[in-house]
Amino acid sequence: MRTFARVAEKGSLSAAARDLALTQPAISQQITALERELQVRLLHRTTRGLTLTDEGERYYQRVKEILGAVEEAAEALKTPDGPLNGLIRVQAPSGFGQLHVAPSLIAFKQRHPDLVADLILEDRISDLVSEGVDLAIRLGEVKSPGLTIRRLGKIRRLLVASPAYARERGLPRFPEELRSHPFVRFSWMASGDDLTLVGPDGPMTVETQATFLANNAFALIEAVRGGLGIGAVQGPLVHHLLQEGELVEVLPDWAYPPLDMHAVYPSRRFIPRRVRALVEHLAATLAHIPGMA
């Protein structure tokens, strides 16, 4: 059942084999034996990958409940302060995850050596259940149904430029002056080139002129450091650069609305103790890093 569930979640035998530290033939043999025992086909096999049959989808939903109950039964035998073990898969945004979530997860793993930690750094919003993710760090509003949400804090966002750019081009004194400056931004921003800042007279929206876009926070920071323009960045990723004088803040009197940061995990009757412990650990370590609002 565990093998089938992982194949269903990963969408391929080879990916499931890597995840379970088994060979691909061993995975294939287990799935074939399971289908023979159930007398039903669970997977469609094509050259492009695997998909669940209707019967496979129904079986997968029941299997998840059964495996959760098995884990719950095993968890009930352990003392509340006993060692944590098992696999915990964590997803986080690439920039914030690399700089802050990874060190926090490493410290958690050092305290619980029997755990197996799997950190996935990517900026897309994944389906936690189908991809077998136990816990995700998400920025901004979270609307996905079927998730338990724990707010961890707010990330300050700000506009920055390099000192060289400031000397050569000068810096805007008011938001509307941003229109005459090249802008560096994340390529997947829902607002596009429109930038909303909040000042003494309330919010103001300005249309910027994006000349460099990227889907990676560190690439954007390097573009700003290279003098390509004014950029919108997350405070925790550039706090040290501001302290060291490698970047300067732009329009400090105008507030860039902060981003909420959440820990999200699938809603279910049984939440593994390792997941609950990690959520508490992240809440204690991430909310107080420099650059949080």
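Okay, let's start with helix 3. It has 15 residues, and at 1.5 Å a residue it should span 21 Å; the C-alpha atoms at its ends are 21 Å apart, so expectation and model agree. And yes, this is a predicted model, so everything I quote is computed from it.

Now, which residues of helix 3 are buried? Those are Ile27, Ile31, Leu34 and Glu35. If you look down the axis of helix 3, these buried residues fall within an arc of 95 degrees, so they line one face of the helix. The background here is the usual one: an α-helix has 3.6 residues a turn, so residues three or four places apart point the same way. Turn to the face of helix 3 that points away from the buried side, and you find Pro25, Gln29, Arg36 and Glu37, which are exposed.

Next, the backbone. Most residues other than glycine have a negative phi, so here are some that go the other way. Right after helix 3 comes Gln39, with a positive phi near 60 degrees. On the other side of the helix there's Ala21, in the loop between helix 2 (13-20) and helix 3 (24-38). Ala21 is not a glycine, yet its phi is positive, about 60 degrees. Then there's Leu251, also not a glycine, with a positive phi of about 50 degrees. Leu251 sits in the loop between strand 12 (248-250) and strand 13 (256-266).

So, are those loop residues buried or exposed? Ala21 has 68% relative accessibility, so it counts as exposed. Leu251 has a relative accessible area of 6%, which makes it buried.

On to aromatics. How many aromatic pairs does the structure hold? Just one. It's Phe4 with Tyr59, and the geometry is tilted: 5.4 Å centre to centre, with 50 degrees between the planes. The pair links distant parts of the chain, since Phe4 belongs to helix 1 (residues 2-10) and Tyr59 to helix 4 (residues 54-76), 55 residues apart. Phe4 and Tyr59 are both buried.

Last stop, Pro203, which you'll find in strand 9 (residues 202-207). With a relative accessible area of 65%, Pro203 is exposed. What is Pro203 in contact with, leaving aside neighbours within four places in sequence? The answer is Thr196, Leu197 and Val198. There's also a distance to look at: the C-alpha atoms of Pro203 and Pro257 are separated by 9.8 Å, while along the chain the two are 54 residues apart.

That's my tour, thanks.

Notes: Residues are numbered from 1 along each chain as its sequence is written. This is a predicted model: local features need pLDDT of at least 70, side-chain atom pairs count only at pLDDT 80 or more; totals for chains, interfaces and linings use all residues. Side-chain values use heavy atoms; hydrogens and water are left out. Helices (H or I, at least four residues) and strands (E, at least two) are DSSP runs, numbered from the N terminus. Buried means under 20% relative accessible area, exposed over 50%, partly exposed in between (1.4 Å probe, protein chains only). The expected span of a helix is 1.5 Å times one less than its number of residues. The arc is that of the directions from the helix axis to the C-beta atoms. Rings of Phe, Tyr and Trp (its six-membered ring) pair if their centres lie within 6.5 Å; planes under 30 degrees apart count as stacked, over 60 as edge-to-face and the rest as tilted. Contact means heavy atoms within 4.5 Å.
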